[in-house]
Amino acid sequence: MMEALVCHPLDTIKVRMQLSRRGRQPGMAKRGFIKTGVEIVKKETALGLYKGLGAVLTGIIPKMAIRFTSFEWYKQLLANKETGVLSGQGLFLAGLSAGVTEAVAVVTPMEVIKIRLQAQHHSMADPLDVPKYRNAAHALYTVVKEEGFGALYRGVSLTALRQGSNQAVNFTAYTYFKEWLYQWQPEYQGQNLPGYQTTLIGLVSGAMGPMSNAPIDTIKTRLQKMKAEEGTTALQRITKIAGEMFKHEGIHAFYKGITPRIMRVAPGQAVTFTVYEYLKEKLERSKPSVIAGGRYEE
């Protein structure tokens with residue numbers, strides 16, 4: 001929840017940049033993330049940066065719970081049954097599976113509602129400027145009423161691909177970084193690393209995911225913002241969006257919003273991993289536990 005409250009404005013700026021068609025016409029200047037943020041505040045007040053926060057707060061707690069629970073379960077499932085050792089490939093696959101699980105269970109509906117709210121350009125200070133979606137609950141009701149329940153899962157394949165690749169890279173990098181730090185500092189074996197080190201490797205591993213899948217995230221954002229077109233499949237819509245982006249805006253359009261996205265995701269992962277490691281240690285010390293330790297067993 002604290003992660004969302006601190007970092008959500010950067011997510012709103014990222015979404016606006018990804019939805020922007022600026023740069024299509026010759027002579028129209030591109031807008032960076034700082035200028036985009038300033039424009040939102042100027043036209044919609046500072047509260048405009050928090051559009052869609054309700055949807056995020058509703059979804060982020062179960063999302064994180066599902067992410068870590070499923071990751072630990074997939075690790076046990078993929079570990080060698082005799083030695084308990086989990087290979088690097090198994091670790092990557094466990095992260096990938098955890099990302100796909102959270103995408104299907106929570107993230108896709110949350111993202112659809114969040115993006116619909118963030119895409120609205122109404123002023124938060126003008127009571128007469130009434131938007132189509134008033135809040136997360138109203139947006140959920142309106143989308144289901146007008147477009148059907150299936151609309152909440154628009155872009156689920158891209159969301160699963162984004163979350164899966166995110167968590168595969170994230171968990172793999174974090175685990176290897178942590179292992180290297182333990183090898184470098186053997187005095188910490190059997191206990192948590194210092195909090196600042198956990199935060200640092202969480203920050204770096206968190207930044208690696210967005211850099212690996214920025215085009216997927218941009219296409220997903222545009223797909224979830226639009227209504228479904230009669231007689232077209234999801235693949236056709238994805239292909240059309242990607243083709244139009246490349247034709248009218250160039251290859252750089254696929255990386256719109258990458259700066260605020262990294263600034264949003266990386267600190268979020270740093271906070272999450274630091275708190276997770278701390279609470280996990282407290283919980284494990286509060287009751288006796290017997291765990292067969294493999295290379296990546298925690």
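# Helix packing and selected residues in a predicted model

Helix 3, which covers residues 53-78, packs against helix 4, residues 88-118, at an angle of about 160°, and their axes are 8 Å apart. An angle over 145 degrees counts as roughly antiparallel, and helix 3 and helix 4 are therefore roughly antiparallel to each other. The crossing of these two helices, helix 3 and helix 4, is right-handed. Sorted by class, the contact of helix 3 with helix 4 holds 17 nonpolar residues, along with six polar and five charged ones.

The model described here is predicted. Its confidence score, pLDDT, averages 86 over the protein, and 91% of the residues score at least 70. Among the elements, helix 1 (residues 2-19) has the lowest mean pLDDT, 85, and helix 6 (residues 156-184) has the highest, 93. Where pLDDT is low, the predicted coordinates should not be read in detail.

The next pair is at the start of the chain. Two packed helices are described by the angle between their axes and the distance between the axes. For helix 1 and helix 2, the angle is about 100° and the axes are 9 Å apart. Angles of 65 to 115 degrees count as roughly perpendicular, and helix 1 and helix 2 are therefore roughly perpendicular to each other. Helix 1 contributes Thr12, Ile13, Arg16 and Met17 to the contact, while helix 2 contributes Phe33, Thr36, Gly37, Ile40 and Glu44. By class, the contact of helix 1 with helix 2 consists of four nonpolar, three polar and two charged residues.

After helix 2 (33-44) comes a residue to look at in the backbone. Thr45 sits in the loop between helix 2 and helix 3. The phi angle of Thr45 is near 70°, which is a positive value in a residue other than glycine. With a relative accessible area of 24%, Thr45 is partly exposed.

Which residues does Ala136 contact, leaving aside its neighbours within four places in sequence? Ala136 is found in helix 5, residues 136-147, and the contacts of Ala136 are Gly54, Ala55, Ile113 and Leu117. For one of these, Leu117, the separation is also available: the C-alpha atoms of Ala136 and Leu117 are separated by 7.4 Å, and the two residues are 19 residues apart along the chain. Gly54 and Ala55 fall within residues 53-78 of helix 3, and Ile113 and Leu117 fall within residues 88-118 of helix 4. Ala136 of helix 5 thus touches residues of both partners in the pair described at the start.

Asn166 lies in helix 6. Is Asn166 buried or exposed? Buried means under 20% relative accessible area, and at 8% relative accessibility Asn166 therefore counts as buried. Not counting residues up to four places away in sequence, Asn166 touches Gly209, Pro210, Asn213 and Arg261.

Helix 7 (residues 195-225) and helix 9 form a further pair, with axes that come within 7 Å and cross at roughly 140°. That angle makes helix 7 oblique to helix 9. Helix 7 passes helix 9 in a right-handed crossing. The residues of the contact of helix 7 with helix 9 divide into 12 nonpolar, nine polar and three charged.

Thr199 is a residue of helix 7. At 32% relative accessibility, Thr199 counts as partly exposed. Thr199 touches Ala270 and Thr274, not counting residues up to four places away in sequence. Gly59, by comparison, is 23 Å from Thr199, C-alpha to C-alpha, and the two are 140 residues apart in sequence.

Two residues of helix 9 complete the walk through the model. Gln269 is placed in helix 9, which spans residues 258-285. The relative accessible area of Gln269 is 6%, so Gln269 is buried. Apart from neighbours within four places in sequence, Gln269 is in contact with Arg67, Asn170, Gly202 and Gly206. Leu279 is also found in helix 9, but Leu279 counts as partly exposed, at 44% relative accessibility. The C-alpha atoms of Leu279 and Thr101 are separated by 23 Å, and these residues are 178 residues apart along the chain.

How values were computed. Residues are numbered from 1 along each chain as its sequence is written. This is a predicted model: local features need pLDDT of at least 70, side-chain atom pairs count only at pLDDT 80 or more; totals for chains, interfaces and linings use all residues. Side-chain values use heavy atoms; hydrogens and water are left out. pLDDT is the predictor's confidence in each residue, from 0 to 100. Helices (H or I, at least four residues) and strands (E, at least two) are DSSP runs, numbered from the N terminus. Axes are lines fitted to C-alpha atoms, for helices over the stretch in contact, and angles run from 0 to 180 degrees between N-to-C directions. Angles under 35 degrees count as roughly parallel, over 145 as roughly antiparallel, 65 to 115 as roughly perpendicular and the rest as oblique. A crossing is left-handed if the near helix is turned anticlockwise from the far one by less than a right angle, and right-handed if clockwise. Ala, Val, Leu, Ile, Met, Phe, Trp, Tyr, Cys and Pro count as nonpolar, Asp, Glu, Lys and Arg as charged, and the others, Gly among them, as polar. Buried means under 20% relative accessible area, exposed over 50%, partly exposed in between (1.4 Å probe, protein chains only). Contact means heavy atoms within 4.5 Å.
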